[in-house]
Amino acid sequence: MSETQALQAKLVGDIEAAADLDAIEALRVAALGKAGSVTGLLKTLGGMTPEERQAEGPKIHALREAVTEAIATRKAALEGAALDAKLASEKLDMTLPAADAPGGSVHPVSQVMDELAEIFADMGFAVATGPEIEDDWRNFTALNIPETHPARAMHDTFYFPDTDAEGRAMLLRTHTSPVQIRTMMSEEPPIRIIAPGRVYRSDSDATHTPMFHQVEGLVIDRGIHMGHLKWTLETFLKAYFERDDIVLRLRPSYFPFTEPSAEVDVGYKQEKGRRIVGGNGDDEGHAWMELLGSGMVNRRVIANCGLDPDVWQGFAFGVGVDRLAMLKYGMDDLRAFFDGDLRWLAHYGFNALSVPTLSGGISA
């Protein structure tokens, strides 16, 4: 037996007898590492004559391949044995519940908008939308808001430096009332819509933000009067707060776009530092709280939209969606609605499958 064959027999025997993966790695380094025995033989080929290299080269290369194959075979066998032992010793309890996957939640504003759409759809209202960038004619002039009205001032309204094709100033809408104008100009009465959406005003404190959410309602038909308005608001608020003891108080007020106009108050009481809507504000322990504005649509607004005010009458109302959410679900700071704090959203958010329905319950 030649020296090369003797070395191969010894190395392969040691590899086959290796007890674990660490022993295999040590043998690999000893044979095939930079200072290994097989590597040393390969280096000697450089000092041989062509005849010697032709005779010894195949033997040395065969030695390297045999050692490499023996290492791979023994390593696979040891790894397979380790896996079999692990599978035999470990157990998986399939009765344990799966870990909760991270999930998002529905923002309270989105949830309340869905609740409002469900309530008003049951009363025959459609949901109407419009652009958030408006011209001052639809946002102010068509609504009978005069040029000198404070709301038109720069400190209340976000204006753009550009004008539209007709030279009208462009702005971020200050209310969703322009949707009412667009609807009256594009659809034939009778009209029953709500217009939810984002609006913008230059105001910021604990109860006001430069961007907030509003929903307005509009009804245009023949023979409409204040009784229809009061019934609609009572039905809406009873369904939204899910209480039958909602009591309204309508106080005379002034809005350029309605005549007569009324501020709508609701009765409430304090419980554990929270306002609970319900009951008569004149009862002991109760008080009145202003909630929304309303009124009969001004004849000038109806005429500005191309309708005959002697034929068509209507009412309108508006309320802050964020305010409704705060009253129903107990938030006390409007700014938290827009902070994007995941802890707040996890606490006040709603499950995406909690779709509000009148039959199943408006509240999630």
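Two strands count as paired if DSSP finds at least two bridges between them. Keep that in mind as you click around this predicted model.

**Stop 1: the sheet.** Select residues 159-163, strand E3, and then residues 169-172, strand E4. E3 and E4 pair in the antiparallel sense, over two bridges. For one of the partnerships, click tyrosine 159: its bridge partner in E4 is leucine 171.

Now add strand E2, residues 133-135. You have an open sheet of three strands, running E2-E4-E3, with antiparallel pairing. E2 and E3 stand at the edges with a single partner strand each, so one side of each has no neighbour in the sheet. Look for the twist too: ignoring direction, neighbouring strands here are turned by 35° against each other on average.

**Stop 2: two helices.** Next, pick helix H8 (residues 226-241) and helix H10 (residues 321-329). Their axes are 11 Å apart and they pack at an angle of about 50°, which makes H8 oblique to H10. Show the side chains: Phe236, Tyr240 and Phe241 from H8 meet Leu324, Ala325, Leu327 and Lys328 from H10. By class, that contact has six nonpolar residues, one charged and no polar.

**Stop 3: the cavity.** Which residues line the largest cavity? Select Leu11, Ile15, Leu27, Arg28, Ala31, Val67 and Ile71 to see them. The space inside is about 30 Å³. Helices H1 (3-16), H2 (21-32) and H4 (50-89) each supply at least two lining residues, and H2 gives the largest share, with three. Colour the lining by class and you get six nonpolar residues, one charged and no polar.

How values were computed. Residues numbered from 1 in each chain as written. Predicted model: local features only at pLDDT ≥ 70, side-chain atom pairs only at ≥ 80, totals over all residues. Heavy atoms only, no water. Axes fitted to C-alpha atoms, helices over the stretch in contact; angles between N-to-C directions. Helix = DSSP H or I, 4+ residues; strand = E, 2+ residues; numbered from the N terminus. Parallel < 35°, antiparallel > 145°, perpendicular 65-115°, else oblique. Contact = heavy atoms within 4.5 Å. Nonpolar A, V, L, I, M, F, W, Y, C, P; charged D, E, K, R; others polar. 1 Å grid on protein atoms, 1.4 Å probe; cavity = no way out; pocket = protein on both sides within 12 Å on 5 of 7 lines; lining within 4 Å. Points joined across faces, edges and corners; volume = space filled by probe spheres on them.
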